[in-house]
Amino acid sequence: MMASAGDPHIAQKDAADQNFDYMFKLLIIGNSSVGKTSFLFRYADDSFTSAFVSTVGIDFKVKTVYRNEKRVKLQIWDTAGQERYRTITTAYYRGAMGFLLMYDVSNQESFNAVQDWATQIKTYSWDNAQVILVGNKCDLEDERVVSTEDGKHLADDLGFEFFEASAKDNINVKQVFERLVDIICEKMNESLEAGSGAVGNSKGATLGDGPPAQASSCSC
């Protein structure tokens, strides 16, 4: 497993740091080769490589952000898109508070699969999990086959927010993650005000039906 970015000593310190207000578990899902791993590396490490190496199973990085005067520790899981890993990856949906559902604007098949991925979220995750639809690789304008309008329309139909982004050119990567964190915080506050319990976990809290044992270090 990989911890956070940059200098390894800083990475270890950030991964082990317990000084946070909330921990959010996020998943990046979508077909293979849509750029999930590159997207995560751009956000966590501010790095990019054009070499494609298929993710085996699932991996994660840790990043701490400040939003709304709160320190939020993000545990971001990068999932494999191949069908043969589906049983493994869907086991991690439960306990995830947010999803980036990603397709490649230059790959029609990845866009067509969005509905199936959305169904998996509905089937395997909590009802209050928040989702943003991301059309990645918007730098490939000459190879685009999925229009921005089609992406927005699908997101509206699914009830998701929508961004087009590029890990390569660092377009909307940080903005996507920040918006997802903000949506989770908004829903958490609404839930607390309604007295129905938090959708997120503060430090030290536990939930009875959390993620699998491999992810037991996540308090979400």
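Residues are called buried under 20% relative accessible area, exposed over 50%, and partly exposed in between. The model shown in these views is predicted.

**View 1. Salt bridge between K187 and E190 in helix α7.** The side chains of K187 and E190 meet at 3.9 Å, N to O. K187 has a relative accessible area of 33%, so it falls in the partly exposed class. E190 is likewise partly exposed, at 45%. The two residues lie 3 positions apart in α7, which means that about one helical turn separates them. Salt bridges with shared partners also join R67, K174, E178 and D182 into one network.

**View 2. Salt bridge between K137 and D104.** A search of the whole structure finds 10 salt bridges, and in the one shown here the closest N and O atoms of K137 and D104 are 3.3 Å apart. K137 belongs to the loop between β5 and α6 (148-158), whereas D104 sits in strand β4, so the pair ties together parts 33 residues apart in sequence. D104 is buried, with 5% relative accessibility, while K137 is partly exposed at 22%.

**View 3. Salt bridge between R144 and E141.** The closest N and O atoms of this pair are 2.9 Å apart. E141 counts as partly exposed, with a relative accessibility of 46%.

**View 4. Strand β1 and its parallel partners β3 and β4.** All 9 of the 9 residues of β1 are buried. Y22, F24, L26, I28 and G30 point one way from the strand, and M23, K25, L27 and I29 point the other way. In a regular strand, side chains alternate between the two faces of the sheet. β1 is joined to β3 by 7 bridges, and F24 has L74 of β3 as its bridge partner. Another 5 bridges join β1 to β4, where L100 is the bridge partner of I28.

**View 5. The largest nonpolar core, centred on the contacts of F39.** This core holds 30 residues, of which F24, F39, L74, L100 and F177 touch the most other members. Elements giving two or more residues to the core are β1 (22-30), α2 (36-45), β3 (70-79), β4 (98-104), β5 (130-136) and α7 (173-194). Helix α7 gives the most, with 9 residues. Beyond four places in sequence, the residues touched by F39 include L100, M102, V134, V176 and F177. Another core, of 26 residues, lies apart from the largest one and has I29, A96, Y103 and A113 among its members.

**View 6. Cysteines C138 and C185.** C138 is buried at 15% relative accessible area, and C185 is buried at 7%. The structure holds 0 disulfides.

Conventions. Residues numbered from 1 in each chain as written. Predicted model: local features only at pLDDT ≥ 70, side-chain atom pairs only at ≥ 80, totals over all residues. Heavy atoms only, no water. Core = buried A, V, L, I, M, F, W, Y, C linked by side-chain atoms within 4.5 Å. Buried < 20%, exposed > 50% of the residue type's maximum accessible area, 1.4 Å probe, protein only. Helix = DSSP H or I, 4+ residues; strand = E, 2+ residues; numbered from the N terminus. Contact = heavy atoms within 4.5 Å. Disulfide = S-S within 2.5 Å. Pairing = 2+ DSSP bridges. Salt bridge = Lys/Arg side-chain N within 4 Å of Asp/Glu carboxyl O.
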